[in-house]
Amino acid sequence: MDEPVLQVEHVRKVFGDLVAVQDVSLSLPGGGSTAIVGESGSGKTTLAHIVVGLVRPTAGRVMACGRDRTHRPSSRRERRERGREVQMVFQDPYASLDPRQTPAAALDEVLRLHFRLGAAQRRTRVSELAGLVGLDDRQMGAAPASLSGGQRQRVAIARALASEPRVLILDESVAALDVSVQAQVLNVLADVRARTAVAYLFISHDLAVVRQVADEILVMRHGTVVEQGPARDVLDRPQHPYTQLLRDCVPRPGWRPQRRRVPAGKEAQ
Amino acid sequence: MSPLLEVSGLTVRLPVGHQPKPVLSDVSLTIAAGEALGLVGESGSGKSMTARAVARLLPPGAQVEGDIRYAGTDLRALRGQQLRELRTRVAVVFQDPRAHVNPVRRIGDFLTEALRLTGRVSRREATDRAVRALDEVAVADGRRLLDRYPHQLSGGMLQRVMIAAALLTEPRLLLADEPTTALDVTTQAEVMAIIDGLRRQRGLSLLFITHDLDLAAAVCDRTAVMYAGRIVETRPSALLHGHPLHPYTAALGAARPSVTTRVDRLATIPGRPLSAFEVPDGCAFAARCVYAQDPCRTHRPELASVDEGEVACLRAEDLRETLAVTHG
């Protein structure tokens with residue numbers, strides 16, 4: 001097994017009275033793929049934000065590539081190194097690109113920030129990255145507004161890969177895509193993982209997508225991990241009642257959804 | 001028995017710039033009393049526009065051709081009071097409940113508004129009926145909900161309120177436009193159980209719009225698949241899901257990952273979904289179809305009767321075996 005590129009140790013995050021993440025630990029091996037599955041309010045996105053450094057944990061430790069990322073970076077250089085090692089792709093491809101910057105320029109900017117490359121070398125690298133996610137030169141030179149949602153999401157993936165990160169966090173990154181386009185992006189993610197050493201932390205509510213992407217699964221509910229294990233075991237033989245409920249809620253032919261009464265009082269503020 | 005809803009040859013053009021451009025082309029469908037029809041497609045396929053045309057909620061400037069009949073009445077001719085009457089019989093539930101409720105009015109006001117306006121019902125009776133409707137969507141002790149504001153409710157609870165509101169005028173047809181897409185999976189299952197239960201108890205007809213072929217197959221008697229503003233296949237859900245006859249239906253089913261098995265590569269459909277106005281001559285799907293031949297690019301296929309349904313594909317008969325082998 002590869003050395004872990006990411007280790008989350010007993011992480012906890014409290015917002016006011018709300019415990020968003022409670023004592024979560026995980027270890028992501030180099031080139032591995034771990035999915036965090038949960039519904040709204042499970043704490044999965046907060047955990048992703050803690051790993052990438054957008055949110056500071058209340059307690060616990062985050063280590064990536066041997067570097068402790070729990071506290072604020074002590075220097076610009078340290079901040080840049082952390083940015084290079086862990087990258088993130090968000091859900092909405094329409095909100096995550098600068099509308100005035102072509103995809104090629106966006107990738108070039110990342111390369112200039114992190115590497116000492118000449119203009120010609122950067123151009124070559126931009127083409128390589130475009131090829132990796134299946135975009136052509138015309139698309140790389142176009143305004144984001146003229147690209148479809150799936151093309152934009154591929155740009156966001158290529159931009160995240162430009163710094164050659166060891167960890168890529170994908171936060172519901174295929175959730176907003178049409179089925180036929182989602183399949184293209186999932187195949188791109190499989191290709192990228194096969195051809196580079198990048199590891200995925202894949203945040204999703206969609207068990208079918210998770211089956212396709214993840215080796216390991218963590219199921220979160222109300223901030224805690226309720227079940228954790230190899231993807232096949234968790235999906236085929238879920239042990240925790242909540243995981244079983246999630247599994248039963250996946251629509252399929254002959255599916256009879258169960259009706260549950262909810263008290264109005266539960267919604268009281 | 002004549003169908004409750006009958007749409008035939010529906011073409012809708014919307015003004016884009018100066019030119020009216022088609023968003024629906026020659027859409028025909030029927031829903032019998034008590035029947036659930038699923039309408040499945042990707043973004044821009046025209047599924048929401050079809051529901052909007054039926055509910056008479058098309059944007060201003062829309063040009064409509066074709067026939068829309070509800071219980072024999074021509075919906076396109078209704079005005080004023082008659083249109084308000086129609087909207088008590090045909091109810092709509094949208095994807096995002098928060099975008100379709102007034103955030104500064106209480107839930108009780110929202111639920112009783114339609115009754116108070118149309119039904120000559122006293123405030124007290126309207127309130128009682130609202131509580132009963134909340135009970136039907138499995139909200140216990142609904143009276144406590146009435147003086148709350150929308151922002152105090154979760155998305156799932158608010159969608160239950162929207163369904164309760166839709167039921168209060170005792171409609172016979174429910175148009176549900178992706179009613180569970182914005183909800184968590186467990187909440188989706190609950191809301192689907194409510195819709196399914198109401199349909200069976202009340203004999204409600206349902207037009208269920210979704211991008212999820214599996215969900216449509218699970219809850220609808222028949223499913224229609226739309227592509228680029230046209231219906232390409234309509235058949236009993238189990239047949240359409242298990243043995244698709246249109247290459248697009250088959251490709252859509254194959255592109256979706258399965259929760260039970262992992263595959264090396266997903267079968268993708270090259271390119272992206274087209275809008276109706278982008279479609280060249282011939283079959284709208286031809287450019288993305290692996291089975292397309294020369295005639296597909298020049299001749300537009302019409303819906304033809306086949307296997308208890310209809311399919312619009314020039315090669316439907318040739319491909320029957322091929323699609324059965326790849327997707328059976």
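User: What is the area buried between chain B and chain A, and what share of it do carbon and sulfur atoms give?

Analyst: Happy to help! In this predicted model, about 4500 Å² is buried between chain B and chain A, with 52% coming from carbon and sulfur atoms. The contact takes 61 residues from chain B and 49 residues from chain A.

User: What makes Asp206(A) and Arg256(B) a salt bridge?

Analyst: Their closest N and O atoms are 2.9 Å apart, and the cut-off is 4 Å, so the pair qualifies. The count between chain B and chain A is four salt bridges.

User: Which element gives the most to the side of chain B that touches chain A?

Analyst: That is α6(B), with 13 residues. The residues on this side of chain B divide into 26 nonpolar, 16 polar and 19 charged.

User: Now the rings. Why is the pair of Tyr227(B) and Phe285(B) called edge-to-face?

Analyst: The ring centres are 5.2 Å apart and the planes stand at 80°. Pairing needs centres within 6.5 Å and edge-to-face needs over 60 degrees, so both conditions are met.

User: What parts of chain B does the pair of Tyr248(B) and Phe285(B) tie together?

Analyst: This pair is edge-to-face too, at 5.1 Å centre to centre and 65° between the planes. Tyr248(B) lies in helix α9 and Phe285(B) in the loop between α9 and α10, so the pair joins parts 37 residues apart in sequence. Tyr227(B), Tyr248(B) and Phe285(B) form one aromatic cluster.

User: How do you know whether Phe285(B) is buried or exposed?

Analyst: Phe285(B) has 4% relative accessibility; buried means under 20%, so Phe285(B) counts as buried. Tyr248(B), at 0%, is buried as well.

Definitions and conventions: Residues are numbered from 1 along each chain as its sequence is written. Chains are lettered from A and ligands numbered from 1 in the order in which they are written. This is a predicted model: local features need pLDDT of at least 70, side-chain atom pairs count only at pLDDT 80 or more; totals for chains, interfaces and linings use all residues. Side-chain values use heavy atoms; hydrogens and water are left out. Rings of Phe, Tyr and Trp (its six-membered ring) pair if their centres lie within 6.5 Å; planes under 30 degrees apart count as stacked, over 60 as edge-to-face and the rest as tilted. Helices (H or I, at least four residues) and strands (E, at least two) are DSSP runs, numbered from the N terminus. Buried means under 20% relative accessible area, exposed over 50%, partly exposed in between (1.4 Å probe, protein chains only). Contact means heavy atoms within 4.5 Å. Buried area is the accessible area (1.4 Å probe) that two parts lose on being put together, summed over both. A salt bridge is a side-chain nitrogen of Lys or Arg within 4 Å of a carboxyl oxygen of Asp or Glu. Ala, Val, Leu, Ile, Met, Phe, Trp, Tyr, Cys and Pro count as nonpolar, Asp, Glu, Lys and Arg as charged, and the others, Gly among them, as polar.
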